[in-house]
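Reader: I have a structure on my screen and some questions about its fold and contacts. Can we go through them one by one?

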Amino acid sequence: MKSLNELKELREKLQKNMSARDKSDKVNIVVGMGTCGIAAGARKILQAIMKETEKRNIDVVVSQTGCIGMCEKEPLLDVKMPGKDRITYGNLSEKDVEKIIVEHIINGKVVEKFAVARLEEGGE
């Protein structure tokens, strides 16, 4: 740390990260990071999500979980928008992340091409 400006930038970055943990009314993106997911490329998917949401300045909660349970469809991610069904996307590559962010999270339209499961609101 060399200057007051660097300290202010660090503070703003940390505050932004802390607000991302408030899950109450935000879009939640959960990436399956079990060994099966990691072996299939889940880390690259997680990095692509972080990069895309930061690039587009989208306020979402991004978290990790263990095995989601459909190992043959890894890497997997869940998108849960407030008041909407939870959608699980699978068989993903890094380039698919941008499409999911734009079509589902920004425009509210499920990307059926990659959707592998749907959990109705309140039906966990």
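Reader: Let us start with Asp85. Is Asp85 buried, partly exposed or exposed?

Author: This is a predicted model. Asp85 has a relative accessible area of 24%. Buried means under 20% and exposed means over 50%. Asp85 falls in between, so the class is partly exposed.

Reader: Which residue forms a salt bridge with Asp85?

Author: Look for a side-chain nitrogen within 4 Å of a carboxyl oxygen. The closest N and O atoms of the pair are 3.7 Å apart. The partner of Asp85 is Arg118.

Reader: How many residues apart in sequence are the parts that Arg118 and Asp85 tie together?

Author: Arg118 forms its salt bridge with Asp85. Arg118 lies in strand 5, residues 115-119. Asp85 sits in the loop between strand 3 (77-80) and strand 4 (86-89). The pair therefore ties together parts separated in sequence by 33 residues.

Reader: Which Glu forms a salt bridge with Arg118?

Author: Arg118 is partly exposed, at 47% relative accessibility. The Glu in question is exposed, with a relative accessible area of 52%. The closest N and O atoms of this pair are 3.4 Å apart. The residue is Glu112.

Reader: Which residues are joined into one network by salt bridges that share partners?

Author: Glu112 and Arg118 form a salt bridge. Salt bridges that share partners also build a network, and its members are Glu52, Lys55, Arg56 and Glu98.

Reader: Take Glu52 and Arg56. Which of them is buried?

Author: Their side chains meet in a salt bridge, 2.6 Å from N to O. Arg56 is partly exposed, with a relative accessible area of 32%. The other partner has 8%. Buried means under 20%, so the buried one is Glu52.

Reader: How many salt bridges does the structure hold?

Author: Side chains of opposite charge can pair when their charged atoms come close. Glu52 with Arg56 is one such salt bridge. The structure's total is eight.

Reader: Now the helices. What is the angle between helix 3 and helix 4?

Author: Two packed helices are described by the angle between their axes and the distance between the axes. Helix 3 covers residues 42-55. Its axis and that of helix 4 are 9 Å apart. The two are oblique to each other, and the packing angle is about 40°.

Reader: Is the crossing of helix 3 and helix 4 left-handed or right-handed?

Author: Helix 3 and helix 4 are oblique to each other. Helix 3 passes helix 4 in a crossing that is right-handed.

Reader: Which residues in helix 4 meet helix 3?

Author: Helix 3 brings Lys44, Ile45, Ala48, Ile49, Glu52, Thr53 and Lys55. The residues of the contact divide into five nonpolar, one polar and five charged. On the helix 4 side they are Glu94, Val97, Glu98 and Ile101.

Reader: How far apart in space are Ile101 and Thr53, C-alpha to C-alpha?

Author: Ile101 lies in helix 4, residues 94-106. At 2% relative accessibility, Ile101 is buried. Its contacts include Ile29, Thr53 and Ile58. Ile101 and Thr53 are 48 residues apart in sequence, and their separation in space is 7.6 Å.

Reader: Finally, the whole chain. What pattern does it follow along the sequence?

Author: The protein chain has four helices and five strands. Of its 124 residues, 34% count as buried. Read along the sequence, the pattern is α-β-α-α-β-β-β-α-β.

Conventions
Residues are numbered from 1 along each chain as its sequence is written. This is a predicted model: local features need pLDDT of at least 70, side-chain atom pairs count only at pLDDT 80 or more; totals for chains, interfaces and linings use all residues. Side-chain values use heavy atoms; hydrogens and water are left out. Buried means under 20% relative accessible area, exposed over 50%, partly exposed in between (1.4 Å probe, protein chains only). Contact means heavy atoms within 4.5 Å. Axes are lines fitted to C-alpha atoms, for helices over the stretch in contact, and angles run from 0 to 180 degrees between N-to-C directions. Angles under 35 degrees count as roughly parallel, over 145 as roughly antiparallel, 65 to 115 as roughly perpendicular and the rest as oblique. A crossing is left-handed if the near helix is turned anticlockwise from the far one by less than a right angle, and right-handed if clockwise. Ala, Val, Leu, Ile, Met, Phe, Trp, Tyr, Cys and Pro count as nonpolar, Asp, Glu, Lys and Arg as charged, and the others, Gly among them, as polar. Lists of a residue's contacts leave out its neighbours within four places in sequence.
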